[in-house]
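Hi everyone, thanks for coming. I'd like to walk you through one model today, going from a single side chain out to the core and then to the charged groups. Here it is on the screen.

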Amino acid sequence: QQLLETMQLGGSLTLIFIYLILAWSFSSYLWPLAVMSAIPLALTGAIVGHWVIGVDIGAMSMLAFFALAGVIVNDSIVLVSFLRREQAAGLSLTAAVRSAALSRFRAVLLTSLTTIAGLSPLMFENFSLAIYMVPIAVTLCFGLAFGTVLVLLVVPAMIVITEQLKRRVTNLLPAIRRMTIQEGN
């Protein structure tokens, strides 16, 4: 019970700090949400992995969720940083997203695949201390497998969606102001 309470507090603080760092790094309040949208989806992959391998989710799995969130956010930062560079070079948002996803595909994929390859033997280990390591390996391997696909597909899509919504709201504000002024007269 105490461990769960501590992890809940730690998880909340982790997400807040990740958001603040990303907001500062991207100079945006919306893009960090797009990047962080990959975290729960990657956690879904970790949960599916536990089910597939037949390993119970325990304290070590929950600790590995924190590491997984960090790796997924790092993959997303690689993609978004390149996207912002492409935009600064004059590309439109959709062209920059396409270029970034294609350009960073190999880097993100190789980073994840080498991590998965390095941890895979631990998932099938059966020596006595492996009982602590197997849940960590399962969480990271399956979470990264899901997360990599999501970073390359969902994060760019979320960025495009948030920017389109932002533009629509920005375009609606003058009309709302005019309507408010007219009602006041």
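Let me start with a question: is S112 buried or exposed? Before I answer, a quick reminder that what you see is a predicted model. S112 has a relative accessible area of 3%, and because the cut-off for buried is under 20%, S112 counts as buried.

Where does this serine sit? You'll find S112 in helix 5, which covers residues 93–123. Setting aside neighbours within four places in sequence, S112 is in contact with D75, L144 and T148. With D75 there is also a polar contact between the two side chains, at 3.2 Å.

Now let's zoom out to the nonpolar core. The largest one has 42 residues, and the members that touch the most others are L83 and I159. Which helices feed into this core? At least two residues come from each of helix 1 (2–26), helix 2 (31–36), helix 3 (38–53), helix 4 (59–88), helix 5 and helix 6 (130–184). The top contributor is helix 6, with 12 residues.

Let's stay with I159 for a moment. Again leaving out neighbours within four places in sequence, I159 is in contact with W31, A34, V80, L83 and L93. So you can see on the screen that L83, the other residue touching the most core members, is one of the contacts of I159.

W31 brings us to the aromatic rings. How many aromatic pairs does the structure hold? Zero. Rings do appear with charges, though. The charged end of R84 sits over the ring of W31, 4.9 Å from the ring centre. Likewise, R104 lies over the face of F82, and here the distance to the ring centre is 5.3 Å.

Last topic: salt bridges. Side chains of opposite charge can pair when their charged atoms come close. Searching the whole structure turns up one salt bridge. It joins E163 and K166, with the closest N and O atoms 3.5 Å apart. Why are these two placed about one helical turn from each other? Because they are three residues apart in helix 6. As for their surroundings, E163 counts as buried at 12% relative accessibility, whereas K166 counts as partly exposed at 40%.

That's my tour, and I'm happy to rotate the view to any of these spots. Thanks for listening!

Definitions and conventions. Residues numbered from 1 in each chain as written. Predicted model: local features only at pLDDT ≥ 70, side-chain atom pairs only at ≥ 80, totals over all residues. Heavy atoms only, no water. Phe/Tyr/Trp six-rings, centres within 6.5 Å; stacked < 30°, edge-to-face > 60°. Lys NZ or Arg CZ within 6 Å of the ring centre and 35° of its normal. Helix = DSSP H or I, 4+ residues; strand = E, 2+ residues; numbered from the N terminus. Buried < 20%, exposed > 50% of the residue type's maximum accessible area, 1.4 Å probe, protein only. Polar contact = N/O pair within 3.5 Å; in protein donor to acceptor, adjacent residues only side chain to side chain. Contact = heavy atoms within 4.5 Å. Core = buried A, V, L, I, M, F, W, Y, C linked by side-chain atoms within 4.5 Å. Salt bridge = Lys/Arg side-chain N within 4 Å of Asp/Glu carboxyl O.
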